[in-house]
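User: I have a model open and would like to learn how to read its features step by step. Could you walk me through it?

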2 protein chains.
Amino acid sequence: MAYTEEDVLRTLPGVRPVLEQVAHKWTILILTFLCEEPKRFNALKRRLDGITQKALTDALRRLERNGLVERRVISSSPVAVEYSMTPLGRGLQEPFLMLYDWAVQHQENLADAQKSFDNRDG
Amino acid sequence: MAYTEEDVLRTLPGVRPVLEQVAHKWTILILTFLCEEPKRFNALKRRLDGITQKALTDALRRLERNGLVERRVISSSPVAVEYSMTPLGRGLQEPFLMLYDWAVQHQENLADAQKSFDNRDG
DNA sequence: ATTTGCAGTGCCTAATTGACACTTAGTACA
DNA sequence: TGTACTAAGTGTCAATTAGGCACTGCAAAT
């Protein structure tokens with residue numbers, strides 16, 4: 001689908017904040033993993049090796065606020081919390097998987113590009 | 001394509017920094033626009049209504065450093081600078097266009113979700 | 001002669017992230 | 001009965017990052 005300049009100018013003001021919510025450091029990884037199956041807080045945390053509780057809590061809150069994931073408290077003991085994708089969030093599955101695959105396949109290329117860029121001036 | 005848990009654990013350490021470079025506030029818009037055709041600095045700036053010179057310069061530097069865009073100085077007067085996608089960057093065109101389309105189509109949904117979330121507690 | 005457009009840089013402050021400690025509640029162990 | 005562990009967070013403070021605004025240098029147009 002192609003956009004005319006007017007399309008762009010008209011939709012841009014609304015699109016930018018949307019992309020700002022979505023194009024976030026942890027979002028792609030979190031949503032990619034949640035697309036596989038609903039997961040609990042600490043299961044996600046283990047998988048996102050290196051994330052802090054706070055960062056994960058904040059990211060999940062933001063995703064929940066934007067209607068992309070659902071938070072469900074399971075009143076077992078101890079209390080469990082399960083996060084799952086909403087239908088709205090599912091719409092991101094395809095592009096995010098593509099990005100994930102791209103990142104896996106081209107990490108070397110990026111690293112090389114960075115090295116040669118940094119050598120161009122020091 | 002599906003990944004096993006081992007795949008994920010193995011590739012994750014390298015993938016995360018890649019996604020951090022790519023999942024940035026302005027990146028999706030910049031690359032989406034550059035995919036259409038090479039553009040000059042101020043042409044991009046006009047289109048990214050609201051971006052400051054500094055933000056655009058920084059974003060383009062980062063993209064150049066990562067090998068996703070190419071910066072070409074045209075020695076006319078006054079000097080012009082043209083930015084274009086590299087073959088590596090082209091790999092992002094498809095997922096980014098999907099994200100852009102998704103953002104255009106679902107901006108309302110996000111806004112609604114935010115509203116009802118914010119009303120749940122105040 | 002001064003304004004306009006181009007492509008930036010520099011400085012300083014505001015906003016966001018991240019590290020790390022603390023919390024509350026239940027379960028298991030000894 | 002006390003210690004320790006897991007789950008799912010919250011709070012605080014420091015550091016990193018982003019954004020605002022002013023400034024540069026050069027050429028062409030008015």
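**Reading the fold and its contacts**

Analyst: Happy to! In chain A, 50% of the contacts between residues at least 6 apart in sequence join residues at least 24 apart. Please keep in mind that this is a predicted model.

User: Which elements make up chain A, and in what order do they run?

Analyst: Chain A has six helices and three strands. Starting at the N terminus, the order is α-α-β-α-α-β-β-α-α.

User: How do I read burial, and what share of chain A counts as buried?

Analyst: The idea is to count neighbours: a residue is buried if 20 or more other C-beta atoms lie within 10 Å of its own. By that count, 25% of the 122 residues of chain A are buried. A good place to look is α2(A), which is mostly covered, with seven of its ten residues buried. Those residues are A:Thr27, A:Ile28, A:Leu29, A:Ile30, A:Leu31, A:Thr32 and A:Leu34.

User: Is there a general rule for which way residues on a helix point?

Analyst: There is: an α-helix has 3.6 residues a turn, so residues three or four places apart point the same way.

User: Now the protein–protein contact. How many residues does each chain give?

Analyst: In general, the size of an interface is often given as the accessible area lost when the parts come together. Here we have residue counts: chain A gives 42 residues and chain B gives 42 residues. On the chain A side, α1 (5–22), α2 (27–36), α4 and α6 (93–121) each supply at least two residues. The largest share, 15 residues, comes from α6(A). By class, the side of chain A that touches chain B holds 21 nonpolar, twelve polar and nine charged residues.

User: And the DNA? Which residues come nearest to strand C?

Analyst: For a DNA strand, list the surrounding residues, then ask which elements they belong to. Around DNA strand C there are 18 residues, of which A:Ser77, B:Phe41, B:Asn42, B:Ala80 and B:Val81 come nearest. The elements giving two or more residues are α4 of chain A, and α3 (41–47), α4 and β3 (80–85) of chain B. The surface near strand C has seven nonpolar, seven polar and four charged residues.

User: What surrounds DNA strand D?

Analyst: DNA strand D is surrounded by 18 residues, the closest being A:Phe41, A:Asn42, A:Gln53, A:Val81 and B:Ser77. Two or more residues each come from α3 (41–47), α4 (53–65) and β3 (80–85) of chain A and from α4 (53–65) of chain B. The classes near strand D are seven nonpolar, seven polar and four charged.

Notes
Residues numbered from 1 in each chain as written. Chains lettered and ligands numbered in written order. Predicted model: local features only at pLDDT ≥ 70, side-chain atom pairs only at ≥ 80, totals over all residues. Near = placed C-beta within 6 Å. Helix = DSSP H or I, 4+ residues; strand = E, 2+ residues; numbered from the N terminus. Nonpolar A, V, L, I, M, F, W, Y, C, P; charged D, E, K, R; others polar. Contact = placed C-beta atoms within 7 Å. Buried ≥ 20, exposed ≤ 12 C-beta atoms within 10 Å, placed from the backbone.
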